[in-house]
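Ready for a few exercises on how two chains sit together and how helices pack? Have a look at the model, try each task yourself, then check the solution.

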Protein chains: 2
Amino acid sequence: MTKPKQAQPTSKERIIKAAAELFADRGYHAVGMTDLQQAVNLGRGSLYHHISSKEELLFDIVKLYIFELAEEAEVARSIKDPIKRLQALGSGLVEKITSHQAELTVCFREVQSLTEDRHKEVLGLHTKYEKVWKETYLEGAKSGVFREYDGIVLKGLLGMFYYSYLWIKPGTKLDTKTIADHLNDLSFRMLKK
Amino acid sequence: MTKPKQAQPTSKERIIKAAAELFADRGYHAVGMTDLQQAVNLGRGSLYHHISSKEELLFDIVKLYIFELAEEAEVARSIKDPIKRLQALGSGLVEKITSHQAELTVCFREVQSLTEDRHKEVLGLHTKYEKVWKETYLEGAKSGVFREYDGIVLKGLLGMFYYSYLWIKPGTKLDTKTIADHLNDLSFRMLKK
């Protein structure tokens, strides 16, 4: 049996990937469309055939990853045990950060560069994502495995995970599972009774 | 007895404050010198009399606050008890974030926009600051009040504190002490045996 060929990325996917790397490396505002043209080796006309503006690209990157995180969290909701669900949420976030570091750096650092409706849409997805964490904490508190719900504790816990995009370096010797296990242990310490 | 008059800010201090607010609000790269001129109500010539470039301003802001944090951490080193020292470091950081939110937002978010020597100098101060946290953890581990030293745990703990610049909103109803007490409780949970 022959292995199915991996699909070639489309031009749009290639542009999004290159833009994420440039934005992560130099900052969204510092990158011009000419930089992007050079990175993907396309002329101005061809580039604008695929995208309409730099902000649309930023929106595509941020939305895609926040959407994926929100979708994965939705799947994790089927895990009955709040402790195991908390771990699944933590592992999912660490996995996303280690496997798509440029994209997640852009999500965390550049979201405020989106304007009006786009900003609102992304914040909506983000709120939906965090709701699953909150619900997990609340259920665990109700069943007695976690301490009483406290908003600052949830903020601290999420901040610990989110901030890791800054210290998990590409090519780190630490594997994803080790980082996730450590942070999951810390999140359990933060919530346990 | 009359209360001593509070010193008027110098023009340079006024420019730094305005720049921090603009950079925090719109992002360093999105702010032009014309925006800054308008914010401080100075002509181009007068503005350039006080500063030499936008990057120098960014450097002044970031250096000042990283320097102050490093200095305060140095003072905290005189606290013998590692648990109390850990709390002093946590409270100091939260206090700095709540009292100078624009400046700390710029420190956390825009440091990568500094070039070469400036970037190196700031990273040096930052490393010096984090060393005091690490030393505290190591001493507590040695004396048996904290668990064995683990680099990921320290990263998680610092990330929890650092990330709070994003969720502590100006004009929040939560007072500084409440936030610091909560995060200090979490950091102790993370490190205790």
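**Exercise 1: Two copies**

Start with the superposition: a turn of 180 degrees and a shift of 0.0 Å along the axis lay chain B on chain A with an RMSD of 0.0 Å. This is a predicted model, by the way.

Task: work out how the two copies are related, and find which residue of chain B comes closest to the rotation axis.

Solution:
- Step 1. Two copies of a chain are related by a rotation about an axis and a shift along it.
- Step 2. Here the turn is 180 degrees and the shift along the axis is 0.0 Å. The copies are therefore related as by a two-fold rotation axis.
- Step 3. Now go looking around that axis. Met160(B) is the residue of chain B that comes closest to it, with its C-alpha at 2.0 Å.

**Exercise 2: Where the chains meet**

Task: describe the side of chain B that touches chain A. How many residues are in contact, and which helix gives the largest share?

Solution:
- Step 1. Count the residues: 22 of chain B are in contact with 22 of chain A.
- Step 2. Look for helices. H8 (151–167) and H9 (176–191) of chain B each supply at least two residues of this side. The largest share comes from H8(B), with 10 residues.
- Step 3. Sort by class: you get 11 nonpolar, eight polar and three charged residues on the side of chain B that touches chain A.
- Step 4. Compare the two chains. Since 100% of the interface residues of chain B are also interface residues in chain A, the copies meet through the same surface.

**Exercise 3: A helix pair in chain A**

Task: classify the packing of H1(A) and H2(A) as oblique or roughly perpendicular, and say which residues make the contact.

Solution:
- Step 1. Take the geometry: helix H1 (residues 11–26) and helix H2 (residues 33–40) of chain A pack at about 125 degrees, and their axes are 10 Å apart.
- Step 2. Check the cut-offs: 65 to 115 degrees counts as roughly perpendicular and over 145 as roughly antiparallel. So H1(A) is oblique to H2(A).
- Step 3. Add the handedness: the crossing of H1(A) past H2(A) is right-handed.
- Step 4. List the contact. H1(A) brings Arg14(A), Ile15(A), Ala18(A), Ala19(A) and Leu22(A), while H2(A) brings Asp35(A), Leu36(A), Ala39(A) and Val40(A).
- Step 5. Sort these residues by class: seven are nonpolar, none polar and two charged.

Key
Residues numbered from 1 in each chain as written. Chains lettered and ligands numbered in written order. Predicted model: local features only at pLDDT ≥ 70, side-chain atom pairs only at ≥ 80, totals over all residues. Contact = placed C-beta atoms within 7 Å. Helix = DSSP H or I, 4+ residues; strand = E, 2+ residues; numbered from the N terminus. Nonpolar A, V, L, I, M, F, W, Y, C, P; charged D, E, K, R; others polar. Least-squares fit on C-alpha atoms with pLDDT ≥ 70 in both. Axes fitted to C-alpha atoms, helices over the stretch in contact; angles between N-to-C directions. Parallel < 35°, antiparallel > 145°, perpendicular 65-115°, else oblique. Left-handed = near helix turned anticlockwise from the far one by under 90°.
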